[in-house]
Amino acid sequence: VYMAAVCSVSFFNAQKFEVSAGYGTGSLFGGADSILKAVGTTIFNGEPEMPTSNGVLTVALTTYNENMKWRYGLEANLESFDETKSSYRKQSYFSILPKVDYFWSDADNKWRFYSGVSVGVLFRDLDYVDTSKNVQKTNDTFLAFNIMPIGVRYGGNFGVFLEPSIGTRGFVQGGLNYIF
């Protein structure tokens with residue numbers, strides 16, 4: 001409780017806030033799950049079926065410390081998948097993760113390079129249709145993470161970004177952000 005209160009106070013006393021939205025390729029979590037399902041359907045049905053990710057949509061609200069070297073806040077990711085022929089009718093992932101980024105370049109640069117990490121929770125929603133066409137709904141919760149080795153942001157208060165990631169966000173994601 002004490003830690004949450006300290007984080008809340010420091011979040012709202014910050015110098016600058018940022019909102020961002022991005023879209024990218026499928027995630028590590030979605031890719032691994034798709035491969036496992038393809039192997040499973042090959043073993044049991046003789047024919048592989050792999051759900052295809054529609055990409056990951058990310059929104060975030062973050063704040064900067066005084067010298068704008070650290071950015072921290074909360075991100076939410078949504079990844080949905082195309083339906084397959086028989087086994088998996090509907091699948092989606094939703095994750096919420098606290099995040100921290102460190103900027104390697106100074107705040108007055110138009111080009112800013114940074115690295116980041118986030119850890120939180122991932123919710124998987126899956127509707128499974130068996131060979132008798134019976135629908136079984138499954139909701140699972142997992143520990144989620146995202147590691148972003150080096151991202152790049154270009155702009156002033158309004159900017160664009162490109163981030164390679166391993167985890168809940170797409171392997172490569174681009175988007176827009178605004179600092180106020």
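This passage describes the fold of the protein chain and the salt bridges within it.

The structure is a predicted model, in which local features require pLDDT of at least 70 and side-chain atom pairs count only at pLDDT 80 or more, whereas totals for chains, interfaces and linings use all residues. Residues are numbered from 1 along each chain as its sequence is written, and side-chain values use heavy atoms, with hydrogens and water left out.

The protein chain contains two helices and nine strands, taken as DSSP runs (H or I of at least four residues for helices, E of at least two for strands) and numbered from the N terminus. Read from the N terminus, the order of these elements is α-β-α-β-β-β-β-β-β-β-β. Of the 180 residues, 43% count as buried, where buried denotes under 20% relative accessible area, exposed over 50%, and partly exposed the range in between (1.4 Å probe, protein chains only). About 9,900 Å² of the protein chain is exposed, and carbon and sulfur atoms supply 67% of that area, as computed by the Shrake-Rupley method with a 1.4 Å probe, only the protein chains shown counting as cover for residues. Among contacts (heavy atoms within 4.5 Å) between residues at least 6 apart in sequence, 60% join residues at least 24 apart.

With a salt bridge defined as a side-chain nitrogen of Lys or Arg within 4 Å of a carboxyl oxygen of Asp or Glu, the count comes to 10 salt bridges. One of them pairs Asp106 with Lys69, with 3.5 Å between the closest N and O atoms. Because Asp106 lies in the loop between strands S4 (88-103) and S5 (111-129), and Lys69 in the loop between strands S2 (53-64) and S3 (70-81), this pair ties together parts that are 37 residues apart in sequence. Asp106 is partly exposed, at a relative accessible area of 45%, whereas Lys69 is buried, at 16%.

Strands S5 and S6 are joined by the salt bridge between Asp140 and Arg124, whose closest N and O atoms are 2.5 Å apart. Asp140 belongs to strand S6 (residues 135-155) and Arg124 to strand S5, 16 residues apart; Asp140 is partly exposed, at 21% relative accessibility, and Arg124 is buried, at 15%. A salt bridge also forms between the side chains of Asp127 and Lys137 (3.2 Å, N to O). Asp127 lies in strand S5 and Lys137 in strand S6, so this pair ties together parts that are 10 residues apart in sequence. Here Asp127 is buried, with a relative accessible area of 11%, while Lys137 is exposed, with 61%.

Finally, a network of salt bridges links Glu18, Arg71, Glu75, Lys99, Asp101, Arg153, Glu163 and Arg169.
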